[in-house]
Amino acid sequence: MYWFTVEFGLCREGKELRAWGAGLLSSFGELQHSLSNKPEHKEFDPSVTAIQSYQDQDYQDLYFVSESIDDAQKKFR
């Protein structure tokens, strides 16, 4: 869960995707990749996100997108 939220989380602001994960904000290349049409973007759902595998050797193939940071926090409860 941590990997796809705190490190590599995306959220919407209006119709645009925005990064909120520290891993994205500290890597310009990964940030560009995450906002492009190359990776898959799925709606943030804690029950799915928690069991999603990840790799840490290259850019992610999948990012989870919440409607807002508040939305993500509410879904944790």
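Glu 16 is partly exposed in this predicted model, its relative accessible area being 46%. Its side chain forms a salt bridge with Arg 18, and the closest N and O atoms of the two are 3.6 Å apart. Arg 18 has a further partner in Glu 13, with a salt bridge at 2.9 Å from N to O. Glu 13, Glu 16 and Arg 18 are thereby linked in a network of salt bridges. Arg 18 itself has a relative accessibility of 35% and therefore counts as partly exposed, since that class lies between 20% and 50%. Side chains of opposite charge can pair when their charged atoms come close.

The network leads directly to the strands that carry it. Strand S1 covers residues 10-13, and strand S2 covers residues 16-19. S1 and S2 run antiparallel and are joined by four bridges. Together they form a hairpin with two residues between the strands, and Gly 14 in the turn has a positive phi of about 70°. Two of the pairings can be followed residue by residue: Arg 12 stands opposite Leu 17 in S2, while Leu 10 has Ala 19 as its bridge partner in S2.

The hairpin belongs to a wider arrangement. The sheet is open, consists of four strands in the order S2-S1-S4-S3, and has mixed pairing. S2 and S3 stand at its edges; each has a single partner strand, so one side of each is left without a neighbour in the sheet. Neighbouring strands are turned against each other by 40° on average, with direction ignored.

Ala 19 offers a view from the edge strand S2, in which this residue is placed. With a relative accessibility of 22%, Ala 19 counts as partly exposed, because the limit for a buried residue is under 20%. Apart from residues up to four places away in sequence, Ala 19 touches Gly 9, Leu 10, Leu 24, Leu 25 and Leu 31. Ala 19 and Val 65 are 46 residues apart in sequence, and their C-alpha atoms are 9.2 Å apart in space.

Val 65 brings the account to the interior. The largest nonpolar core has 12 residues in all: Trp 3, Phe 4, Phe 8, Leu 10, Leu 17, Leu 24, Phe 44, Leu 62, Tyr 63, Phe 64, Val 65 and Ala 72. The elements that give two or more residues to this core are helix H1 and strand S4, residues 62-66. S4 gives the most, with four residues. Leu 62, one of the core residues, is in contact with Phe 4, Pro 39, Glu 40, Lys 42 and Gln 52, leaving aside its neighbours within four places in sequence.

Helix H1 spans residues 2-7 and includes Glu 7. An unreviewed UniProt entry lists Glu 7 under "binding site". Leaving aside neighbours within four places in sequence, Glu 7 is in contact with Tyr 2, Gly 21, Ala 22, Gly 23 and Leu 24. Of these contacts, Leu 24 is also a member of the largest nonpolar core.

Another helix supplies a buried residue. His 33 is located in helix H3, residues 28-34. Its relative accessibility is 15%, which means that His 33 counts as buried, the limit being under 20%. Beyond residues up to four places away in sequence, His 33 touches Lys 38, Pro 39, Tyr 59, Gln 60 and Tyr 63. Two of these residues recur elsewhere in the model: Pro 39 is also in contact with Leu 62, and Tyr 63 is part of the largest nonpolar core.

The other edge strand, S3, returns the discussion to charged pairs. Glu 43 forms a salt bridge with Lys 75, with 3.5 Å between the closest N and O atoms. This pair links distant parts of the chain, as Glu 43 lies in strand S3 (residues 40-43) and Lys 75 in helix H5 (residues 69-76), 32 residues apart. Glu 43 is exposed, with a relative accessible area of 58%, whereas Lys 75 counts as partly exposed at 29% relative accessibility. In total, the model has five salt bridges, among them the pairs Glu 13 with Arg 18, Glu 16 with Arg 18 and Glu 43 with Lys 75.

Notes
Residues are numbered from 1 along each chain as its sequence is written. This is a predicted model: local features need pLDDT of at least 70, side-chain atom pairs count only at pLDDT 80 or more; totals for chains, interfaces and linings use all residues. Side-chain values use heavy atoms; hydrogens and water are left out. A salt bridge is a side-chain nitrogen of Lys or Arg within 4 Å of a carboxyl oxygen of Asp or Glu. Buried means under 20% relative accessible area, exposed over 50%, partly exposed in between (1.4 Å probe, protein chains only). Two strands pair if DSSP finds at least two bridges between them. Axes are lines fitted to C-alpha atoms, for helices over the stretch in contact, and angles run from 0 to 180 degrees between N-to-C directions. UniProt positions are given in the numbering used here, feature names are shortened, and annotations may be inferred rather than shown by experiment. Contact means heavy atoms within 4.5 Å. A nonpolar core is a set of buried Ala, Val, Leu, Ile, Met, Phe, Trp, Tyr and Cys residues joined through side-chain atoms within 4.5 Å.
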